[in-house]
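Q: Please choose one part of this model and examine it closely. Describe that part in formal but plain terms, and then place it beside its surroundings.

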Amino acid sequence: VAVVYNHAGEDVYEKLRQVDPATLEFEPEYDIHVATVEEEYRAILTALRQEGFHARAVNLREDLRKLERLLRRNPPDVVFNLVEYFHDDAELEPNVAAFYDLYRVPYTGAPPFALALCHKKGLTKQVLLANGVPTPRFRVLAEPRIPRRHGLHYPLIVKPSRADASLGVEPGSVVYDYDQLVRQLEKVFAEFDPPILVEEFIEGRELHVAVLGNEAPELLPAIEFDFSELPPEHPAIISYDAKWNPLDEAYHRVHTICPAELSQRAMKKVRDVVLRAYRLTGCRDYARLDIRLAKRNQPFVLEVNPNPDLTEGVSFMESAEAAGYTFAQTLRKIVEFALARRPEPSRGPAPAAEPEIQLPRLVAGAGDRRRRRAGGRAG
Ligand SMILES: Nc1ncnc2c1ncn2[C@@H]1O[C@H](COP(=O)(O)OP(=O)(O)OP(=O)(O)O)[C@@H](O)[C@H]1O
Ligand SMILES: [Mg+2]
């Protein structure tokens with residue numbers, strides 16, 4: 001297994017190491033010294049080795065020739081694809097997956113089309129709506145102008161429509177009247193490339209639902225977000241700071257509950273909506289869907305995240321552990337889904353004489369139950 005990622009330049013999480021928690025102006029609930037990007041990749045590599053895979057790490061460091069060398073000269077049986085950016089651009093994430101396809105090297109996670117579609121939140125929502133999957137009503141704006149009578153019901157939320165959009169989600173993103181809407185649009189258009197999404201704000205419970213598998217995808221126990229401790233000026237949302245910034249109080253005031261308590265009927269509705277959205281968007285192997293429950297537990301899809309963050313203990317992996325899978329077992333499953341797509345020897349570059357690789361048996365073990373962060377570094 002080649003664990004492929006693309007990391008160059010400085011790591012902001014490295015710098016957090018120098019911060020003394022005692023100097024913060026609030027009481028931190030969670031550790032502010034979160035794992036660096038490099039440590040997270042290492043953890044995946046180590047876990048795969050524990051599972052018996054012959055695994056190596058490949059950091060592309062923005063060098064396409066490295067990718068080419070890997071795939072052409074020394075192709076692995078499978079790539080664990082952790083590349084989210086190229087040339088510092090999330091829009092190029094699908095192109096890297098397409099490269100593996102061209103070399104017929106199987107890889108974990110979503111194919112290029114699903115990655116490209118889900119980067120465009122507005123388009124994804126059109127696909128969902130056209131197929132009867134509920135998502136909040138919305139407008140996609142190319143410029144900071146919207147008529148007073150726009151037909152959407154307040155409160156609204158204003159957010160950049162591209163992939164890494166939790167950037168731009170802040171307390172002021174939730175607006176209650178036209179004046180606030182116009183002001184927030186001006187601000188967001190000044191900071192982010194269009195298009196910008198204006199969406200009806202769903203005031204219900206928020207669930208993040210992890211899905212694992214392909215022919216019969218498995219729903220892992222849902223994570224619910226508890227916003228009750230947020231300061232009153234912070235709306236009940238996972239803002240950028242609440243999700244990513246350990247130096248912001250919001251990060252320490254959003255908590256997760258997993259498994260979320262849901263009635264059988266609510267669970268059935270969530271399951272139906274999540275699985276339909278997973279299939280419609282072409283997700284593969286694993287994904288995380290962000291959901292809000294409106295009145296009568298009607299689930300609305302906020303966002304589909306193919307290839308979500310796999311940091312141990314949080315987000316996707318928090319759900320996997322609640323399902324009884326260790327971090328390593330979950331990674332093994334994802335690798336096995338990809339290995340099942342190995343090309344027929346006659347079609348692929350591998351010689352027919354190559355022996356089938358023997359997979360070691362699953363090892364049972366208790367998950368490492370470390371302290372959780374709220375949102376998780378989700379992508
Ligand atoms: N229509 C909505 N109704 C209620 N809350 C919303 C809505 N849209 C976004 N939010 C809040 O804002 C958060 C971030 O929005 P969203 O998930 O769309 O973008 P994202 O930050 O790109 O996600 P991620 O970082 O998980 O990829 C959500 O988790 C939710 O708390
Ligand atoms: Mg999200």
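A: Two strands are said to pair if the program DSSP finds at least two bridges between them. The model discussed here is predicted. With that definition in mind, the pair formed by S5 and S7 is a suitable place to begin. Five bridges join S5 to S7, and the two strands run antiparallel. One of these positions can be given by name: Val 158 has Val 198 in S7 as its bridge partner. As a general matter, the strands of a sheet pair through backbone hydrogen bonds, in either a parallel or an antiparallel manner.

The pair belongs to an open sheet of four strands, with the order S4-S7-S5-S6 and antiparallel pairing. At the edges stand S4 and strand S6 (174-175); each has a single partner strand, so one side of each is left without a neighbour in the sheet.

Two helices accompany this sheet. Helix H6, residues 121-130, lies across S4, S5 and S7 and runs at about 145° to S4. Helix H7 lies across S4, S5, S6 and S7, and its course makes about 10° with S5.

The loops that come before the central pair also deserve attention. Pro 155 is found in the loop between strand S4 (138-141) and S5, and the peptide bond leading to Pro 155 from Tyr 154 is cis, with omega near -5°. Pro 195 is located in the loop between helix H7 (178-191) and S7. The bond from Pro 194 to Pro 195 is likewise cis, and its omega is near 0°. In general, most peptide bonds are trans.

Which residues come nearest to ligand 1? Of the 23 residues around ligand 1, these are Lys 159, Ser 166, Glu 199, Glu 206 and Lys 243. The shell is made up of eleven nonpolar, two polar and ten charged residues. Several contacts can be described atom by atom. In Glu 206, a polar side-chain atom lies 2.5 Å from an oxygen atom of ligand 1. Ile 238 contributes a backbone N or O atom, 2.9 Å from an oxygen atom of the ligand. The side chain of Arg 288 has an N or O atom that is 2.8 Å from an oxygen atom of ligand 1. The protein covers 99% of the 600 Å² of accessible area that ligand 1 has on its own. Strand S5 (156-160), strand S7 (196-200), strand S12 (286-293) and strand S13 (299-306) are the elements that give two or more residues to this shell. The central pair, S5 and S7, is thus met again at the ligand.

For context, a further sheet may be set beside this one. Three strands form an open sheet in the order S2-S1-S3, and their pairing is parallel. Its edge strands, S2 (56-59) and S3 (79-81), each pair on one side only. On average, neighbouring strands of this sheet are turned by 25° against each other, direction ignored. Strand S1, residues 2-5, is joined to S3 by three bridges, and the two run parallel; Val 3 stands opposite Phe 80 in S3. Helix H3 (residues 64-73) packs on the sheet and touches S1, S2 and S3, its direction making about 145° with that of S2. In the loop between S2 and H3 lies Arg 61. The phi of Arg 61 is near 45°, a positive value in a residue other than glycine. Most residues other than glycine have a negative phi.

Note on methods
Residues numbered from 1 in each chain as written. Chains lettered and ligands numbered in written order. Predicted model: local features only at pLDDT ≥ 70, side-chain atom pairs only at ≥ 80, totals over all residues. Heavy atoms only, no water. Axes fitted to C-alpha atoms, helices over the stretch in contact; angles between N-to-C directions. Contact = heavy atoms within 4.5 Å. Near = heavy atom within 4 Å. Polar contact = N/O pair within 3.5 Å; in protein donor to acceptor, adjacent residues only side chain to side chain. Areas by Shrake-Rupley, 256 points an atom, 1.4 Å probe, with all protein chains shown as cover. Nonpolar A, V, L, I, M, F, W, Y, C, P; charged D, E, K, R; others polar.
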